Amino acid sequence: MYVHETKIKVRYVETDQMGVVHHSKYYPWFEIARGEYITKIGMTYGGMEKEGILMPVLESWCKYIDGAKYEDELIIKVWIEEMNPVKMVFNYHVIRREDNKIIAKGSTKHTFVDNNFKIVNIKKVKPEMWEKLEKIY
């Protein structure tokens, strides 16, 4: 199983009145980490879309364990928890670098669809994409 790490430094704009990162900011971080993960295995979201494969989010969740603050250095770990030819589930751990503490855990579930948003079996319609994904799962 391949685990990718993305480093992020909390910006002031990401914090709320209490000085803690607003809960809504974790989802863009998940997206950044997921995009880097896909790129690291030799694909890009843009490339997939040009080939007619989209990956909309079906479900997402995040458990907030401790708050991140301005200028905290974070590591977002991402990996594929579950995968089959029609869906993928990514898991995420947000770790504060200073004390190596997991401050949030999350997950996003995606399906493979074509440009008409019809669910497709990626193994059948894009076997080369499936092979790249299967190698790291």
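This tour moves through selected aromatic residues of a predicted model.

**Helix H1**

Begin by selecting residues 26-40, which make up helix H1. Within this helix, display the side chains of Tyr 27 and Phe 30, which are three residues apart, about one turn of the helix. The structure holds seven aromatic pairs. Tyr 27 and Phe 30 form an aromatic pair with a centre-to-centre distance of 5.6 Å and an angle of 75° between the planes, an edge-to-face arrangement.

Next, add a surface and compare the two partners: which is buried, and which is partly exposed? Phe 30 has a relative accessible area of 1% and is therefore buried, the cut-off being under 20%. Tyr 27, in contrast, has a relative accessible area of 30% and is partly exposed.

**An aromatic cluster**

Now select Tyr 2, Tyr 37 and Phe 90 together; these residues form one aromatic cluster.

**Helix H2**

Proceed to residues 45-50, which constitute helix H2, and pick out Tyr 45 there. The relative accessibility of Tyr 45 is 22%, so this residue counts as partly exposed.

Which residues does Tyr 45 touch, if those up to four places away in sequence are not counted? Select Arg 34, Gly 35, Ile 38 and Met 55 to display these contacts. To finish, draw a C-alpha to C-alpha distance from Tyr 45 to Met 55: the two residues are 10 residues apart in sequence, and the distance in space is 8.5 Å.

Notes
Residues are numbered from 1 along each chain as its sequence is written. This is a predicted model: local features need pLDDT of at least 70, side-chain atom pairs count only at pLDDT 80 or more; totals for chains, interfaces and linings use all residues. Side-chain values use heavy atoms; hydrogens and water are left out. Rings of Phe, Tyr and Trp (its six-membered ring) pair if their centres lie within 6.5 Å; planes under 30 degrees apart count as stacked, over 60 as edge-to-face and the rest as tilted. Helices (H or I, at least four residues) and strands (E, at least two) are DSSP runs, numbered from the N terminus. Buried means under 20% relative accessible area, exposed over 50%, partly exposed in between (1.4 Å probe, protein chains only). Contact means heavy atoms within 4.5 Å.
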